[in-house]
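Reader: Hey, I'm new to this one. Can you walk me through it?
Author: Sure, let's have it on screen and take it piece by piece.

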Amino acid sequence: MDFNPMMPIWLQVVTAIKHDLVCGIIQPGSKLPGGRDLAVKYSINPNTAARVYQELEKEGICETRRGLGTFATGDPDRIEGLRRTMARDAITGFLREMEQLGYSHAESLTLLTEEENAHAGK
């Protein structure tokens, strides 16, 4: 994973795990890697991996079961809520970038629709 130097690493890993859960790469209710394995997977410090799991637990995205490990949430409503939040964040970022380029929201929507139509024909 290539880390963005403008954002804390732990937050980038949290976002990556959320993305994988929403996209089905991580199955709902499945066991997540242990802290050390997570650290190796993302090339991060084990303390950073612990912080990742603390944040995910705080948000209800995972739970740690003593002696068994850490598991992704199996709650479909929580996963759908996370999916919608991530979609809204993506849209907000897109609109902000388009505003910086000088486009209004209406113009952005028009360009998006044109791009969608261009790709639908392929």
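Author: One term before we start: helices here are DSSP runs of at least four residues, numbered from the N terminus. Also keep in mind that this is a predicted model.

Reader: Okay. Then where do Arg83 and Glu80 lie?
Author: Both are in helix H4, 3 residues apart, which is about one turn of the helix. Their side chains meet in a salt bridge, at 3.1 Å from N to O.

Reader: Why would two side chains like that pair up?
Author: Side chains of opposite charge can pair when their charged atoms come close.

Reader: And are those two buried or exposed?
Author: In between. Arg83 is partly exposed, at 45% relative accessible area, and Glu80 is partly exposed too, at 33%.

Reader: How many salt bridges are there?
Author: The count comes to 4. One of them joins Glu59 and Lys18, with 2.5 Å from N to O. That pair links distant parts of the chain: Glu59 sits in the loop between H3 and strand S1, Lys18 sits in helix H1, and 41 residues separate them.

Reader: What about cover for Glu59 and Lys18, how accessible are they?
Author: Glu59 is partly exposed, with a relative accessible area of 27%. Lys18 has 15%, and the cut-off for buried is under 20%, so Lys18 counts as buried.

Reader: Got another bridge for me?
Author: Glu55 and Lys58 also meet in a salt bridge, at 3.4 Å from N to O. They are 3 residues apart in helix H3, so about one helical turn separates them. Glu55 is buried, at 15% relative accessible area, whereas Lys58 is exposed, at 67%.

Reader: Back to H4. How far apart are its end C-alpha atoms?
Author: They are 36 Å apart. H4 has 25 residues, and at 1.5 Å a residue it should span 36 Å, so the two values agree.

Reader: Which residues of H4 are buried?
Author: Ile79, Leu82 and Met98 are buried in H4. The cover over the buried residues of H4 includes helix H1 and helix H5.

Reader: What goes on at the two ends of H4?
Author: At the start, a side-chain oxygen of Asp75 reaches to within 2.9 Å of the backbone nitrogen of Asp77. Just after H4, Gly102 takes a positive phi of about 95 degrees.

Reader: Which glycine has a positive phi just after H1?
Author: Gly24, and its phi is about 85 degrees.

Reader: And H1 itself, how many residues does it have?
Author: H1 has 14 residues. From its first C-alpha to its last it reaches 20 Å, close to the 20 Å expected at 1.5 Å a residue.

Reader: Which parts of H1 are tucked away, and what covers them?
Author: The buried residues of H1 are Trp10, Gln12, Val13, Val14, Ala16, Ile17, Lys18, Asp20 and Leu21. Their cover includes helix H2, helix H3, strand S2 and H4.

Reader: Let's switch to the surface. Which residues make the nonpolar patch?
Author: Phe94, Leu109 and Leu112 make it, and the patch is about 270 Å². Phe94 is in helix H4, and with a relative accessible area of 31% it is partly exposed.

Reader: What does Ser108 touch?
Author: Leaving aside residues up to four places away in sequence, Ser108 touches Phe94, Leu95, Met98 and Tyr103. Ser108 is in helix H5, and at 1% relative accessibility it counts as buried.

Reader: What's the story with the phi of Ser43?
Author: Phi of Ser43 is near 55 degrees, a positive value in a residue other than glycine. Ser43 is in the loop between H2 and H3 and is exposed, with a relative accessible area of 65%.

Reader: Last one: where is Asp2, and how far is it from Tyr42?
Author: Asp2 is in the segment before H1. Asp2 and Tyr42 are 40 residues apart in sequence and 9.3 Å apart in space, C-alpha to C-alpha. Asp2 is also exposed, at 79% relative accessible area.

Note on methods. Residues numbered from 1 in each chain as written. Predicted model: local features only at pLDDT ≥ 70, side-chain atom pairs only at ≥ 80, totals over all residues. Heavy atoms only, no water. Patch = residues over 30% accessible without salt bridge, like charges linked within 9 Å, V, L, I, M, F, W, Y side chains within 5 Å. Areas by Shrake-Rupley, 256 points an atom, 1.4 Å probe, with all protein chains shown as cover. Buried < 20%, exposed > 50% of the residue type's maximum accessible area, 1.4 Å probe, protein only. Expected span 1.5 Å × (residues − 1). Contact = heavy atoms within 4.5 Å. Polar contact = N/O pair within 3.5 Å; in protein donor to acceptor, adjacent residues only side chain to side chain.
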